[in-house]
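Here's a quick tour for anyone who likes to look at side-chain packing before setting up a calculation. Have the viewer open and follow along.

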Amino acid sequence: MGLGICLLTACPGGGGGGTGTGTGTEGTTDDLTTTTTTTTDGTSTATPTGTTDSPTTTDSATGTTAEPTTTGGDDALTDCQTWYGEGDKQVQKQCTCEVESGVYPDIRTCLADLIPVDGDCECPIYAADPANASWLECLAAAEQAFTVCDAAVACDDVAGQEMCFELFFMYDCGLPSKASRGERDLQCFDATPFMCGSGEQVPVSYSCDGEPDCMDMSDEAMCP
């Protein structure tokens, strides 16, 4: 999700800006396979069956199986770039569906309306912190799994699309380090800092994260 249209927006809470259909959280899924069945009316449904370490998607129309390649955990920058690259693919799929449904006249017009998926600012920040290595590796794999799943699902197959999102969130990758979130807010989002009741300022992403950063703990006081 990014997944993209909001997998990435978790997309980048998972960090970051951008759109896409993907988003990440923490950990990894132990086992899951996604099988896509194409019916006679042209629709398809993705269904998880069995268990595998790396999610796969089988297209019954062709009998081929697509497996997302995972990037090495020793290269956090590559993993981050993979995450955003998958978001680009997801945006393309979304625009294909929007054109098919008549929302846009063509893909170019659709893409011009969407927020670009761009990790050029965020990826160096995330990759610079070793604490983010496993998160980025997990998120890259989750985004790849979602892209493969979503590519095999018809635009009007709501159940199949929901299954792809469930597959993505099963990775449960977590969040980037707190320090890199603060740096991201400052360098990439130009976000207004949170003003503590005690007078100091903290990055806005620090508020309501379960860890008080203001001297008077006001950054955790009005949280849902």
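How many aromatic pairs does a search of the whole structure find? Seven turn up. Keep in mind that this is a predicted model.

**Two of the ring pairs**

Start with Trp83 and Tyr84, whose rings form a tilted pair. Their centres are 4.6 Å apart, with 40 degrees between the planes. Trp83 and Tyr84 are both buried. Then there's Tyr126 with Trp135: the ring planes stand at 80 degrees, and since anything over 60 counts as edge-to-face, that's the label this pair gets. Here are the two pairs together:

| Pair | Centre to centre | Angle between planes | Class |
|---|---|---|---|
| Trp83 and Tyr84 | 4.6 Å | 40 degrees | tilted |
| Tyr126 and Trp135 | 5.0 Å | 80 degrees | edge-to-face |

Tyr126 has a relative accessibility of 0%, so it counts as buried. Trp135 comes in at 2% relative accessible area, which makes it buried too, because the cut-off is under 20%. And the two pairs aren't separate stories: ring pairs link Trp83, Tyr84, Tyr126 and Trp135 into a cluster.

**A loop residue that reaches Tyr126**

Where does Asn132 sit? Look in the loop between α4 (122–128) and α5 (133–151). Although Asn132 is a loop residue, its relative accessible area is 0%, so it's buried. The Asn132 side chain reaches the backbone oxygen of Tyr126 at 3.0 Å. Leaving aside residues up to four places away in sequence, Asn132 touches Tyr126, Pro176, Ser177 and Ser180. Tyr126 therefore turns up twice in this tour: as ring partner of Trp135 and as a contact of Asn132.

**A charge over a ring**

Which residue lies over the face of Tyr206? That's Lys178, at 4.9 Å from the ring centre.

**Zooming out**

Now for the whole chain. The protein chain has seven helices and six strands. Reading from the N terminus, the order of elements is α-β-β-β-β-α-α-α-α-α-α-β-β. In other words, one helix comes ahead of a run of strands, then there's a run of helices, and the chain's element list ends on two strands.

As for burial, 43% of the 224 residues in the protein chain count as buried; Trp83 and Tyr84 are buried, and so is Asn132. The accessible surface of the protein chain is about 10,700 Å². Carbon and sulfur atoms account for 55% of that surface.

Definitions and conventions:
Residues numbered from 1 in each chain as written. Predicted model: local features only at pLDDT ≥ 70, side-chain atom pairs only at ≥ 80, totals over all residues. Heavy atoms only, no water. Phe/Tyr/Trp six-rings, centres within 6.5 Å; stacked < 30°, edge-to-face > 60°. Buried < 20%, exposed > 50% of the residue type's maximum accessible area, 1.4 Å probe, protein only. Lys NZ or Arg CZ within 6 Å of the ring centre and 35° of its normal. Helix = DSSP H or I, 4+ residues; strand = E, 2+ residues; numbered from the N terminus. Polar contact = N/O pair within 3.5 Å; in protein donor to acceptor, adjacent residues only side chain to side chain. Contact = heavy atoms within 4.5 Å. Areas by Shrake-Rupley, 256 points an atom, 1.4 Å probe, with all protein chains shown as cover.
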